[in-house]
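Please open the structure in your viewer and keep the selection panel at hand. The tour below moves from one selection to the next and says what is to be found at each stop.

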Amino acid sequence: MRQYFQRKLGIYALTFFVAVTVDWVIPRFMPGDPVQTMLARASLRPEASEAMQAYYTGVFGLDVPIWRQYLNFWNALLHGDLGVSIWLFPQPVTSVILRAIPYTLALLVPAILLSWWAGNKFGAYAARRRWLDNTVLPVGYVLTATPYMWLGILLAWALATVAGIFPIAGGYSFDVEPSWSPSFLVNLARHWFLPFASLFLVMFGGWAIGMRNLIIYELEADYSHYLEALGAPQRLVRRYAFNNALLPQLTGLALQLGVIVAGALVTEIVFSYPGLGYLILQAINNQDFFLIQGAFLFIIVGVLLANFLVDVVYVLVDPRTRVGMRGGA
Amino acid sequence: MSVSDQEELAAATPAAAAATPVTVAELRASREALHFARRNRKLLLGAGVVLAFLVVAAVGPLLTDHGPNEYVGPPAQRPSADWWFGTTMFGQDVFAQFAHGLRSTFLVGLLGGGLAAVIGMTIGFTAGYRGGITDEVLNMVTNVVLVIPTLAVLLIIATYLRVRGVVPEAIFIAAFSWPWVARAIRAQTFSLRSRDFVDLARLSGAGGARIVFREIAPNMSSYLFMTFILLFGGAVLTAAMLDFIGLGPTDGMSLGLMMNNAVLWSALPLGMWWWFVPPGLGITMIVGALYIMNVGLDEVFNPKLREL
């Protein structure tokens, strides 16, 4: 088990290192001059311009040797300093992002957990039941082929614009003050529902199909046939098949995390939901390079943490990882 | 498509039908596959839908005499005989945008999916066949790229590109979407490389590349093809997301960019459904058809799954 975690953590550390390096390299070696672009943009605000001119020369550190710039970058990073946002000058990028994170997590965490649970249950139930199978399969494939933002767009159009049941945009209405009062929480929940639902549905399709296919393979496996030959009830055979099929689905969850996060980002953009995705859109529209780079690092760290969580769960459910170095996501 | 699908594909397809080396048996197998392929409804349906869209992509732009970004008609028109898919807020022809966008979609899918398949296969075969330190290094690289969220990297790369085209976009997508392929192929190569027929080839003095391409790869050709289909779909979806965020092609048109424009210019509250329904529907139908095609192919190549 120790070896298992050591290997995993080693890879995550290396990944973080690579990601930070990429984050540092790209602005420096891409064609074009980001400092000029930013200053051109910033010159719209005279009071900011001068401070930023000095700031950027410092941060991009064009006066010190290149290895020095790299070390400085790490140093600032480890102190939680990701630069200053241009869009929201002079707020630091870190605090801008930290304000958006709770919204993104509030969408992502329930959507991931619920869709994984419901999709697996449903897929397992549908497998090898002719009528259900024939409907679930096409619907599931269409759902998982749907671009996240398009399902969001459709839901927003149907349930907000046409039916008027849900609000179409924002994290909460403009006319209410954030507080812990029940009326505000209801308001918050009503704005949360549609983006959550579109994330949930797309993922649900994927998990249901995955589980359905896995169950069919498991039911073809020798141990299933053996159990059947012993006269075990169908329900028991299916339960064993389900338990075995959960492991690859867990691996699948780890592998899909990047795509899921991306899905959340674009869904937020559809609903102008004030999370990380919406922030990134604003950053792109305002040429706010520091904000984008900061968001990139936050996403990487989040995905690495989530991966690690899956690894821990894997150890809990797969005894093989506990005894030897084998198995694992 | 969930990755577990890909994993279990890897587990199911490989060695069962494998051990037969080339020649007569091979020929019979391919004729048998063709026999089942022609009778597989999922495969035919999927292929039909993809082909239909391919035709629209090829012919559509020729039917209109203006570019996708030209302001040619009255703004915000509903679909009509004059404007088949209506017009945008600025009087651009939605059908022209759609047809041109389809071209980008197929280009990104073919190029992005194809390149990713090549990279994944090269690394997977090399790691699996060579083993040892080569395998260790390649495996580590694979695992690192696997964990990095593709869209996040593309995000910072695309941000710093002043001029963005569809081709570079496809190349960047390919550069970050190959890892699961490399992993699956490496695992299968491992299981195949110690087979008797591979040993025989090695004894007869064949080189590594020759053994991989002539002995090992043909035994998983069906899997390789299905991998490409999944990569195609993945590349299309990734490109759509990237374009939707606002990092799409700066001079061309794409389906993701159409949705981006629609949302940006309030098509949603205004209820201009003809602006945002076609691009999403196009992507969903193409990618969904590809996935269903894959299920059909799976049934064709894997006798266990055939419905009798």
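Begin with helix α6 of chain B in this predicted model, and select B:Thr150, B:Leu151, B:Ala152, B:Val153, B:Leu154, B:Leu155, B:Ile156, B:Ile157, B:Ala158 and B:Thr159, which are the buried residues of α6(B). The helix spans residues 150-159, and because 10 of its 10 residues are buried, it is largely enclosed by the rest of the structure. To see what surrounds it, add α1, α10, α11 and α12 of chain A together with α7 (166-177) and α11 of chain B, against which the buried residues of α6(B) pack.

Keep B:Leu155 highlighted and add A:Ala295: of the 181 residues in the largest nonpolar core, these two touch the most other members. The largest share of this core, 18 residues, is contributed by helix α11 of chain B, residues 221-247. Around A:Ala295, once neighbours within four places in sequence are set aside, the contacts to display are A:Ile97, A:Leu276, A:Leu279, A:Ile280 and A:Ala283.

Next, select α11(A), where A:Leu276, A:Gly277, A:Tyr278, A:Leu279, A:Ile280, A:Leu281, A:Gln282 and A:Ala283 are buried. Since eight of its 10 residues are buried, α11(A) is largely enclosed by the rest of the structure. Its buried residues pack against α5 (93-126), α10 and α12 of chain A, and also against α6 and α11 of chain B. Following α11(A) you will find A:Gln287, whose phi is positive, near 50°.

Now colour by chain and turn to the interface, where 61 residues of chain A are in contact with 48 residues of chain B. On the side of chain A that touches chain B, at least two residues each are supplied by α1 (2-29), α6 (130-145), α7 (148-162), α8 (182-220), α10 (234-270), α11 (276-285) and α12 (289-317) of chain A. The largest share of that side, 12 residues, comes from α10(A). Coloured by residue class, the side of chain A that touches chain B divides into 43 nonpolar, 16 polar and two charged residues.

Hide chain B for a moment and show α6(A) with α8(A), whose axes come within 7 Å and cross at roughly 135°. That angle makes α6(A) oblique to α8(A), and the crossing of the two helices is left-handed. Select A:Val136, A:Leu137, A:Gly140, A:Tyr141, A:Leu143 and A:Thr144 in α6(A), which meet A:Leu201, A:Val202, A:Phe204, A:Gly205, A:Gly206, A:Ala208, A:Ile209 and A:Arg212 in α8(A). The residues of this contact divide into nine nonpolar, four polar and one charged.

Stay with helix α8 of chain A, and pick A:Arg190, which has its place there. Is A:Arg190 buried or partly exposed? A:Arg190 is partly exposed, because 14 other C-beta atoms lie within 10 Å. Apart from residues up to four places away in sequence, A:Arg190 touches A:Phe166 and A:Pro167. A distance monitor between the C-alpha atoms of A:Arg190 and A:Gly171, which are 19 residues apart along the chain, should give 8.9 Å.

Finally, bring chain B back and view it as a cartoon: its secondary structure comes to 14 helices and zero strands. Of its 308 residues, 54% count as buried. Among contacts in chain B between residues at least 6 apart in sequence, 73% join residues at least 24 apart.

Definitions and conventions:
Residues are numbered from 1 along each chain as its sequence is written. Chains are lettered from A and ligands numbered from 1 in the order in which they are written. This is a predicted model: local features need pLDDT of at least 70, side-chain atom pairs count only at pLDDT 80 or more; totals for chains, interfaces and linings use all residues. A nonpolar core is a set of buried Ala, Val, Leu, Ile, Met, Phe, Trp, Tyr and Cys residues joined through C-beta atoms within 7 Å. A residue is buried if 20 or more other C-beta atoms lie within 10 Å of its own, exposed if 12 or fewer, and partly exposed in between; C-beta atoms are placed from the backbone. Helices (H or I, at least four residues) and strands (E, at least two) are DSSP runs, numbered from the N terminus. Two residues are in contact if their C-beta atoms, placed from the backbone, lie within 7 Å. Ala, Val, Leu, Ile, Met, Phe, Trp, Tyr, Cys and Pro count as nonpolar, Asp, Glu, Lys and Arg as charged, and the others, Gly among them, as polar. Axes are lines fitted to C-alpha atoms, for helices over the stretch in contact, and angles run from 0 to 180 degrees between N-to-C directions. Angles under 35 degrees count as roughly parallel, over 145 as roughly antiparallel, 65 to 115 as roughly perpendicular and the rest as oblique. A crossing is left-handed if the near helix is turned anticlockwise from the far one by less than a right angle, and right-handed if clockwise.
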